[in-house]
Amino acid sequence: MISKTFNRYIWLMNTLLQYKQVTFEEINALWKESCLGDGTPLPLRTFHQHKNAVEELFGVEIKCDASNGYRYYVSNPETLKNNTTRKWLLNSFTLSNMIMAGHNMKGRILFEEIPCGTEYLQTVIEAMQKSKELIVDYQRFYGRRETFNIQPYAMKVYHQRWYVVGYIKELGGIRNIALDRTLEMNLSDISFTLPQNFNAEKYYDNSVGIYVNEDLKPTKIKIKAYGKQIEYMRSLPLHRSQKEGASKYGVFCEFKYKLCLTPELSTLILAMGENVEVLEPIELREEIKRRLKECLTKYEL
């Protein structure tokens, strides 16, 4: 159960972000109307304690503009946008607050089903903090049961699944395991040293998804999106290397990337259906055509 105090921090952070500049009196009024306040006032001393905790937790600075009616505001909101961990933390616990607020909304707030495996998160984080190897009993899809000794370098969420990325001794290289395919996990006494040249973000610089083929070189890719798909790709880029090229408002827009040509990339493009077209490189365009033809043969009478 998430502590009520922590939920208060999340509420205060969201209130400051939503209202931009707000006085303590306005914050107090909003607090009394919220499910957390439940009609009771927010003491000024408690507000300042929460404000200090929010600054430390999210790495933001909350200032008070005395020249404008003593209004409080977050002076560096870009900190949250640039820090995916803090942004994820805020979003996750904001959702928790929403669920608590809507406890009488059963059947009206629907969620995607998330595979199991989250029970191992604490063990993985502990291993990363202590630089200890993990002993993992693992079951691949359509594969045999195996035991891995993994040095956990990083974690990643992809399509509602948690993955651990690190060096697996039995495979002799950096690989990943999915927590929902983990049968048992234990912290070992064997220590490891995180390689100085390993950076999780750089590791995935030229790949989409979770799998990385270090033998592949990134290549320039150009995709043409049509209609509504343009705004979908702008709001949720295929990859952080995404840049825009030629366009015609509401009709088409070309998106450029620098990525490795992997099966996962082709699958993501195919999932967009008729709303996108691969322009470059020719080998990716031909791969998409080949897979589309294979798909069509399954519908032939």
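Start by selecting helix H9 (residues 263-271) and whatever covers its buried residues: the cover includes S5, strand S9 (219-226), strand S11 (252-259), strand S12 (276-280) and helix H10 (282-297). Keep in mind as you click around that this is a predicted model.

Now show side chains on H9. The buried ones are Leu265, Ser266, Leu268 and Ile269. Look down the helix axis and you'll see why they belong together: these buried residues fall within an arc of 160°, so they line one face of H9. The spacing has a familiar logic, because an α-helix has 3.6 residues a turn and residues three or four places apart point the same way. Spin round to the face turned away from the buried side, and you meet the exposed residues Pro263 and Ala271. Before you leave, pick Gly273, which follows H9 and has a positive phi, near 60°.

Next stop, the sheet that S5 belongs to. Colour five strands in the order S7-S6-S5-S4-S8; they make an open sheet with antiparallel pairing. The edges are strand S7 (173-178) and strand S8 (182-191); each has a single partner strand, so one side of each is left without a neighbour in the sheet. Going from one strand to the next, the twist averages 45°.

Zoom in on S4 (residues 132-139) and S5 (residues 145-158), an antiparallel pair joined over six bridges. To find one of the partnerships, select Gln139 and look across to Arg145 in S5. Then add helix H6 (residues 121-130), which packs on the sheet and touches S4, S5, strand S6 (161-168) and S8. Its direction makes about 85° with that of S5.

Now jump to the start of the numbering and select helix H1 (residues 4-19) with helix H2 (residues 24-33). Their axes are 11 Å apart and the packing angle is about 125°, so the two helices count as oblique to each other. The crossing of H1 and H2 is right-handed. To see what makes the contact, show Arg8, Trp11, Leu12, Thr15, Leu16 and Tyr19 on H1, then Ile27, Leu30 and Trp31 on H2.

Last pick: Leu16, in helix H1. Is Leu16 buried or exposed? Its relative accessibility is 2%, so it counts as buried, the cut-off for that being under 20%. Setting aside neighbours within four places in sequence, Leu16 contacts Val22, Ile27, Ile62, Tyr72 and Val74. Try the distance tool on Leu16 and Tyr72: they sit 56 residues apart along the chain, with 7.4 Å between their C-alpha atoms.

Conventions: Residues numbered from 1 in each chain as written. Predicted model: local features only at pLDDT ≥ 70, side-chain atom pairs only at ≥ 80, totals over all residues. Heavy atoms only, no water. Pairing = 2+ DSSP bridges. Helix = DSSP H or I, 4+ residues; strand = E, 2+ residues; numbered from the N terminus. Axes fitted to C-alpha atoms, helices over the stretch in contact; angles between N-to-C directions. Contact = heavy atoms within 4.5 Å. Buried < 20%, exposed > 50% of the residue type's maximum accessible area, 1.4 Å probe, protein only. Arc of directions from axis to C-beta. Parallel < 35°, antiparallel > 145°, perpendicular 65-115°, else oblique. Left-handed = near helix turned anticlockwise from the far one by under 90°.
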